[in-house]
Structures are given as structure tokens and as C-alpha cells.
Amino acid sequence: MKRKITLKQIARELDVSISTVSKALSGSKEISEDTKQKIQAFAKLYNYRPNNIALSLKNRKTKTIGILIPEIVHHFFSTVIRGIELVANKRGYNVIVGLSNESFTKEIINMEMLANGSIDGFILSISKETLLKQDYHHFNATINQGMPIVLFDRVVSEVNCDKVIVDDFKGAVKAVEKLIATGCKNIALITTMDYVSVGRLRTQGYLEALEDGNIRVDANLILKIDDALDVEGHFEALENEIEQFFRSNKKIDGVFAVNELYAVTAMKAARKLGLSIPDDVQVIGFTDGVLSKHATPSLTTVSQHGQKMGEKAADLLIDRLELEDEENGEYIEENEREEHFKTVIIETELIERDSTK
């Protein structure tokens with residue numbers, strides 16, 4: 001398929017500025033009739049078509065941000081939303097929250113519905129099904145139509161936009177190093193399937209910390225939870241799987257879980273089998289939420305600073321929206337502008353409680 005000619009290419013060929021081309025094509029009186037005719041004839045010859053969808057989006061401002069999260073039960077996502085709201089409201093924006101429920105289809109439906117005149121840009125975390133499919137066309141299509149996106153937590157390199165993440169790898173290293181320092185020799189890992197980026201990075205951190213601590217990796221001590229168990233309504237099945245994991249590995253004296261739910265469930269399973277926490281088994285989870293604080297015993301966790309992540313994501317999106325407003329009065333296509341996207345890394349923090357020594 002022949003690549004569509006752009007404003008930049010027309011400007012280069014005719015030795016004029018992009019702004020001059022844009023004004024000439026829109027019939028501006030600022031441009032001389034001769035130049036206008038020359039530019040319009042050249043654009044017609046090469047079948048130039050402006051991106052009318054993006055133009056429409058650029059000219060319509062709602063002062064509203066769309067937030068799309070994979071699930072509502074995890075405390076982490078509610079803290080991110082709080083951070084986004086704080087900054088958005090301070091800067092004169094409202095927010096609308098949508099839920100993908102870890103579904104690729106629901107993610108697309110939510111985006112299409114919100115992008116249809118309701119919002120100016122998105123802040124979102126990618127659903128597990130989308131990560132499994134590795135199909136990100138709906139994100140790229142939204143960006144190409146002139147609507148900016150900021151990804152947080154679960155991000156992918158295939159989507160070219162601003163991103164906010166925590167150092168999942170380093171956070172996991174910190175957690176496992178804590179378990180090693182307090183005497184654990186047989187440290188289990190309870191994690192997600194590998195296609196979930198955050199789980200994969202935390203798994204890599206676990207492996208690195210064991211290697212640095214001269215502890216041999218035992219594949220029997222790694223439990224990867226099937227997604228079917230990792231949803232609301234399947235907690236009993238999740239408990240049974242983790243309990244069976246403990247029964248099969250009686251030597252476990254430490255557990256690192258890649259999220260709060262897995263960690264709290266591991267403590268429950270261990271106690272059910274007559275194990276004392278932290279005397280027999282020490283447990284650390286990722287994400288410092290309500291479950292961690294109110295578990296018995298209280299859970300040592302790696303804090304992701306969700307509110308800080310949300311605040312940063314909101315600032316990145318609003319900065320980009322307001323920069324676009326300031327650039328010029330006339331429309332310039334997205335692919336005409338040099339984009340410089342940022343990836344902001346939020347440092348994690350180990351919050352020590354009663355589940356470790």
C-alpha cells in the first residue's frame with residue numbers, strides 16, 4: 001500500500017514551513033494566492049488527505065480524563081485512581097473510570113465509548129487478556145487519531161506513549177534479600193503466568209536475589225497461578241492450590257508473592273497446615289494495601305506507591321494535552337511532530353511488618 005504523503009513531506013518538497021502548508025490547505029488568507037494554489041495542487045497530485053478524525057478530536061476539549069483499569073478489587077488500582085483525581089481536579093480536569101475486567105474485548109469497548117467525545121486522553125493499565133494476545137492495535141489507533149495515552153504499571157514497548165512504572169525487578173530483589181537475611185533457605189515464589197509483564201519482572205528479581213545469595217533455584221518452589229483462579233469468586237480454588245503447594249513442599253521457610261492477594265492466601269494456607277508465621281514461614285507480598293495492614297499477622301510488603309504513580313501519570317497526560325493546545329492555532333498531524341515520550345520509574349519501598357522476622 002502506498003504510504004500517505006504528510007504535511008512535512010509537502011513542506012520539504014516545496015521548501016516552505018509545515019505551518020504554511022497547513023494554512024494553505026485550510027484556505028487561510030495569511031498565505032498568498034500563488035503559494036496557496038501551488039501547495040493545494042501538489043497535495044492533490046499526491047492524494048493528500050488530512051486526518052479528519054484527529055482534527056475533530058484536537059478541536060474538541062472536554063477537560064475530562066478517561067481512566068481504564070483491569071480490576072476493581074485490588075487496592076493498588078484504587079490508590080492510583082486517587083492520585084490521578086488529586087492532580088486532575090487541581091488542574092481543572094474531571095475523571096471517568098472504566099473497567100476492563102481483564103478482558104481484551106471490554107478494554108476495546110470501553111476505549112471506543114470514552115473516546116467518542118467524552119474525554120481528552122487516557123490513563124490506563126493493560127488487561128491480562130490483551131497482554132496474552134499481544135494485540136495493541138486499539139491503543140495505537142487511539143494515539144494515531146490524536147488522543148494521548150499514558151500507560152501505568154502494566155506497560156509494553158509496542159505502544160509509543162508516556163509510561164509510569166515501578167521498579168518491579170528491584171522491588172522483588174529487595175524482598176527476597178530480606179528473606180535471605182533473616183535466615184530463609186527454601187524460599188518459594190507465588191507468581192503470575194509469564195506474559196504478565198510485572199509478574200515476569202518480579203520473578204526475574206526473585207531469581208537474581210537467590211543467585212546473589214548463593215541459593216540454588218528449585219523449580220518445585222515456584223508456583224505460577226492460572227488466571228482462572230486469579231479473579232473474584234475463585235478465592236476458594238486459589239486457597240486450595242496454594243495449600244496443595246505447601247503440602248508438596250514441606251521445606252518452605254519463606255514465601256515471596258508477586259501480589260498482596262497471593263501473599264495473604266499463602267499465610268492462610270500455612271496456618272491451616274499448623275505452621276507459625278513468621279517462626280516457621282516468613283512471607284512478603286507486593287503492593288501495600290488494606291489486606292496487608294489488616295492480615296493476621298500483618299504482612300510485610302513491597303509498596304508500589306500507587307498514589308504517587310497516579311499523580312505522575314495525571315501530570316504527564318495533562319502536560320501533553322496542554323502542550324498540544326499551546327503549539328499553534330492550526331492543526332498539525334500527529335506524525336508531523338517530533339514526539340519525546342517519557343518513562344517515569346517510581347522507586348519501591350519495603351514495608352516491614354509481622355510476617356517477617
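This passage walks through a sheet, the helix that packs on it, and some of the aromatic rings in a predicted model.

The sheet is a good place to start. It is open and built from 6 strands, which run in the order S2-S1-S3-S4-S5-S11 with parallel pairing. Strand S2 (94-99) and strand S11 (343-346) are the edge strands, each pairing on one side only. On average, neighbouring strands of this sheet are turned by 15° against each other, direction ignored. Helix H6 (residues 104-115) packs on the sheet, where it touches strand S1 (64-69), S2, strand S3 (121-124) and S4. The direction of H6 makes about 150° with that of S3.

Within the sheet, strand S4 (residues 149-152) pairs with strand S5 (residues 162-166) in the parallel sense over 3 bridges. Here Phe152 has Val164 in S5 as its bridge partner.

Phe152 also leads on to the aromatic rings. The whole structure holds 7 aromatic pairs. One of them joins Phe77 and Phe152 edge-to-face, at 6.2 Å centre to centre and with 70° between the planes. This pair links distant parts of the chain, since Phe77 lies in helix H5 (residues 75-90) and Phe152 in strand S4, 75 residues apart. Phe77 counts as buried because its relative accessibility is 2%, and Phe152 counts as buried because its value is 0%. Ring pairs link Phe76, Phe77 and Phe152 into a cluster.

Another edge-to-face pair is formed by Phe245 and Phe246, with 6.4 Å centre to centre and 70° between the planes. Both Phe245 and Phe246 are buried. A ring can also meet a charge: the charged end of Arg202 sits over the ring of Phe286, 3.8 Å from its centre.

Notes:
Residues are numbered from 1 along each chain as its sequence is written. This is a predicted model: local features need pLDDT of at least 70, side-chain atom pairs count only at pLDDT 80 or more; totals for chains, interfaces and linings use all residues. Side-chain values use heavy atoms; hydrogens and water are left out. Two strands pair if DSSP finds at least two bridges between them. Helices (H or I, at least four residues) and strands (E, at least two) are DSSP runs, numbered from the N terminus. Axes are lines fitted to C-alpha atoms, for helices over the stretch in contact, and angles run from 0 to 180 degrees between N-to-C directions. Contact means heavy atoms within 4.5 Å. Rings of Phe, Tyr and Trp (its six-membered ring) pair if their centres lie within 6.5 Å; planes under 30 degrees apart count as stacked, over 60 as edge-to-face and the rest as tilted. Buried means under 20% relative accessible area, exposed over 50%, partly exposed in between (1.4 Å probe, protein chains only). A charge sits over a ring if NZ of Lys or CZ of Arg is within 6 Å of the ring centre and within 35 degrees of the ring normal.
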